[in-house]
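Welcome! Please take a first look at the sequence and the structure below, and then read on at your own pace.

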Amino acid sequence: MKTKISTDLEKRYNPNKDAFMLLNTSSYLDPRFHRLIHLDRDQQQEVRERVKSELMVIAEDCGGYEEDGEVAAMAKGTQEKTALGAMGDLFGNVYQGAESTDASGRPTVDIGNVLQQEMLIYESETPLPTDSDPLSWWKASGSKYSHIAQLARRYLSIPGSSVRAERVFSTAGIIVNKKRSALDPENVDRLVFLANNL
């Protein structure tokens, strides 16, 4: 029986299919399974690269990372740590490393490095017990991993089943029968709503 189930799952979730990547990205964003121990190293790296590329899109969609409060705070902290007092003022960026500033004088930050750090810290978290609620964990820890939390909301809010949709269609099939085939579509919508919400 296990062999048959495994064979069937391999056909449905082949590593070359989009469903495979969707499910494993969701696993990465679930703090119970984020270490991806069920995958080999190449597959783990592929999932991490996909997550990082999606995080880059989120960071860019947030209006540019210079305006991101957490990134700006990191940049400010780096600037304060590397200042060398009067010598630092005299020689400027020579002693502060390769930091650069934008047109407004704010330090620019490589968002790729910030996201990589956020991912490394997240991956070092101890996995939650399998019976715990990942959404509650993200609610409590989301501020620590602000970019990953946004992506987790997108993936972990996907319904795990189509049962609800199937139930609505079967209810509509019961309501609209031969005797009620002339019902107005608006009335059918109301009757289906009432049947599923009482």
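The notes below cover model confidence, a helix pair and one leucine.

## How sure is the model?

This is a predicted model, in which local features need pLDDT of at least 70, side-chain atom pairs count only at pLDDT 80 or more, and totals for chains, interfaces and linings use all residues. Residues are numbered from 1 along each chain as its sequence is written, and side-chain values use heavy atoms, leaving out hydrogens and water.

The average pLDDT (the predictor's confidence in each residue, from 0 to 100) is 76, and 68% of the residues score at least 70. Among the elements, helix α7 (residues 134-141) has the highest mean, 93, and helix α4 (residues 69-82) the lowest, 45. Residues 64-84 stay under 50, with 28 contacts beyond four places in sequence; contact means heavy atoms within 4.5 Å.

## Two helices that pack

Helices here are DSSP runs (H or I, at least four residues), numbered from the N terminus. Helix α2 (residues 18-29) packs with helix α8 (residues 146-156) at about 130°, their axes 9 Å apart. The axes are lines fitted to C-alpha atoms over the stretch in contact, and angles run from 0 to 180 degrees between N-to-C directions.

Where do α2 and α8 meet? From α2 come L22, T25, S26 and L29, and from α8 come I148, L151, A152, Y155 and L156.

## A leucine to look for

L36 sits in the loop between α2 and α3 (41-61). Although L36 is not a glycine, its phi is positive, about 55°. L36 counts as buried because its relative accessibility is 0%; buried means under 20% relative accessible area, exposed over 50%, and partly exposed in between (1.4 Å probe, protein chains only).
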